[in-house]
Amino acid sequence: MYKSFGQIPRSNPGAASNIADAARHVESSLDGDLDPDAIPDAQRFPRPGVEIPNADDSQEVVEDVDSAPLPVSQEQDDESHEGSVGRVVEEGIEYLAFYKSFRDVQRAPARNRWGIFFIKKRCIALATDMNFSTGESFADCLDALAAFLYTHELYHYRFDAHCLQMEATGGLPVYRPYRRLVANRPIYEWHEESIANFYALKALLPNPRFSYPQPICDYLWDLVANSPGAYAGGISKQQGARRDQMAQQASAAFGNAGPTAWQGLIESTIRIGMGLSKQREATLSSFLHLNNCPVYWIDWVKGGKSVLVPFVASVSEINNDFIKRYLAGVQDHHSDHSFYRIDNGEKVKLPNPHRPDLTNREFHNIIGKAGMTSPQFYKERTRTSVWRKEVPRSPVLPPRFGQNGAAG
Ligand SMILES: [Zn+2]
């Protein structure tokens with residue numbers, strides 16, 4: 001049953017720096033693309049949805065996933081709910097982890113490094129949420145989350161590497177024009193994210209050597225299903241149309257550069273690089289092997305503490321808006337004044353009004369009784385403009401578990 005943390009292979013720093021060097025040479029010989037330094041945001045590699053602080057206000061800490069100790073559980077009962085899920089539902093998976101191209105190795109963040117970056121504080125917060133939601137151990141939750149994120153971001157690397165191969169032989173830029181085009185399209189046209197999430201969920205399927213607990217797989221499936229735009233497309237088994245649209249986006253830079261037949265050749269060549277097989281990448285040069293993509297933890301700290309701010313629902317929001325307005329809660333006169341009877345007949349205890357933030361236990365207890373998962377809670381929060389429109393809810397949902405269930 002042995003497997004590495006998050007199914008992440010051993011790092012290969014020599015290969016990683018060779019790839020960055022090769023990319024620099026290939027890009028410098030391309031026709032028609034802009035000099036990267038001429039792009040206005042050249043100091044910072046461009047990635048929508050990542051939301052990272054300014055390096056000036058804090059110290060950037062980057063650690064090899066290989067050698068760094070694994071983050072440990074923070075599941076004390078009075079720990080504040082951090083709400084990472086809420087931002088993923090609004091912005092997508094890149095809020096938790098991002099891929100930085102070998103082409104951008106000299107840019108911030110993580111100057112002189114490229115690869116996959118897990119944003120440590122947010123991953124811990126999400127694994128904690130998963131732990132409270134599923135009842136599975138924090139360690140198993142973090143491991144499965146890492147496998148999911150690693151595979152998602154590895155897909156971004158895999159396509160980047162395929163583009164580099166095309167550029168090395170074709171002499172025309174593919175990747176940068178494609179990324180610029182997608183960054184200017186609405187989020188439901190980010191087809192690459194749908195395919196990346198499809199593979200990320202696939203990485204959680206049981207295999208002959210190991211399997212993840214089912215509640216963890218269900219949690220991550222639900223997270224994808226409630227993600228924004230094309231990210232949610234990852235739950236579909238059919239990614240063929242997405243691949244076609246992504247191939248069109250990647251070949252758009254060629255515009256009217258040649259005859260129609262030539263366009264078809266470009267698209268089909270691009271499409272060859274859109275599968276992901278960790279066992280055997282038949283079309284990728286061994287120089288660009290998937291195992292050569294480095295994986296790091298990243299955080300931004302000041303005085304030893306992360307400066308990344310939680311995305312919290314406050315106690316007063318839960319008491320006054322979520323329970324009373326959205327769940328049509330009424331005070332339960334047969335017991336303590338802090339108990340409310342909600343629309344599905346469940347009795348919920350109002351969170352402690354003397355604390356500014358909710359605890360994890362309070363949050364999961366209340367949404368479980370309301371019949372909602374964390375992603376569903378945040379999706380509804382946005383849809384109702386923070387419990388103001390279309391309230392109380394309809395239809396009413398039954399509770400997710402009995403009195404002493406997972407969140408109990
Ligand atoms: Zn992504």
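Which residue takes a positive phi just after H2? Glycine 92 does, with a phi of about 105 degrees. Keep in mind as you read on that this is a predicted model.

## The chain as a whole

Let's start with the big picture. The chain holds twelve helices and eight strands. Line its C-alpha atoms up along the principal axes and they fill a box of roughly 75 × 45 × 45 Å. A compact globule of 408 residues would have a radius of gyration near 22 Å, and the chain comes in at 23 Å, so the two agree.

How much of the chain is tucked away? Of the 408 residues, 43% count as buried. As for who touches whom, take the contacts between residues at least 6 apart in sequence: 77% of them join residues at least 24 apart.

## Helix H2, wrapped up

Now zoom in on helix H2, which covers residues 84-91. Seven of its eight residues are buried, so H2 is largely enclosed by the rest of the structure. The buried ones are Ser84, Val85, Gly86, Arg87, Val88, Val89 and Glu91.

What does the covering? The list includes H3, helix H7 (214-225) and helix H12 (374-383). Then, just after H2, you run into glycine 92 and its positive phi.

## Where H3 and H4 cross

H3 turns up again here, this time paired with H4. Helix H3 spans residues 120-134 and helix H4 spans residues 138-170. Their axes come within 8 Å and cross at roughly 125 degrees, and H3 and H4 are therefore oblique to each other. The crossing is right-handed.

Which residues do the meeting? From H3 you have Cys123, Leu126, Ala127, Thr128, Met130, Asn131 and Thr134, and from H4 you have Phe138, Cys141, Leu142 and Leu145. Sorted by class, this contact has eight nonpolar residues, three polar ones and no charged ones.

## Aspartate 143, a residue to find

Stay in helix H4 for one more stop, because that's where aspartate 143 is found, and it counts as buried, with 20 C-beta neighbours inside 10 Å. The cut-off for being buried is 20 or more, so aspartate 143 makes the grade.

Who are its contacts? Leaving aside neighbours within four places in sequence, aspartate 143 is in contact with Phe5 and Gly6. For a sense of distance, try proline 173, which is 30 residues away along the chain: its C-alpha atom and that of aspartate 143 are separated by 37 Å.

Methods. Residues are numbered from 1 along each chain as its sequence is written. This is a predicted model: local features need pLDDT of at least 70, side-chain atom pairs count only at pLDDT 80 or more; totals for chains, interfaces and linings use all residues. Axes are lines fitted to C-alpha atoms, for helices over the stretch in contact, and angles run from 0 to 180 degrees between N-to-C directions. Helices (H or I, at least four residues) and strands (E, at least two) are DSSP runs, numbered from the N terminus. Angles under 35 degrees count as roughly parallel, over 145 as roughly antiparallel, 65 to 115 as roughly perpendicular and the rest as oblique. A crossing is left-handed if the near helix is turned anticlockwise from the far one by less than a right angle, and right-handed if clockwise. Two residues are in contact if their C-beta atoms, placed from the backbone, lie within 7 Å. Ala, Val, Leu, Ile, Met, Phe, Trp, Tyr, Cys and Pro count as nonpolar, Asp, Glu, Lys and Arg as charged, and the others, Gly among them, as polar. The radius of gyration is taken over C-alpha atoms; the globule rule is 2.2 Å times the number of residues to the power 0.38. A residue is buried if 20 or more other C-beta atoms lie within 10 Å of its own, exposed if 12 or fewer, and partly exposed in between; C-beta atoms are placed from the backbone.
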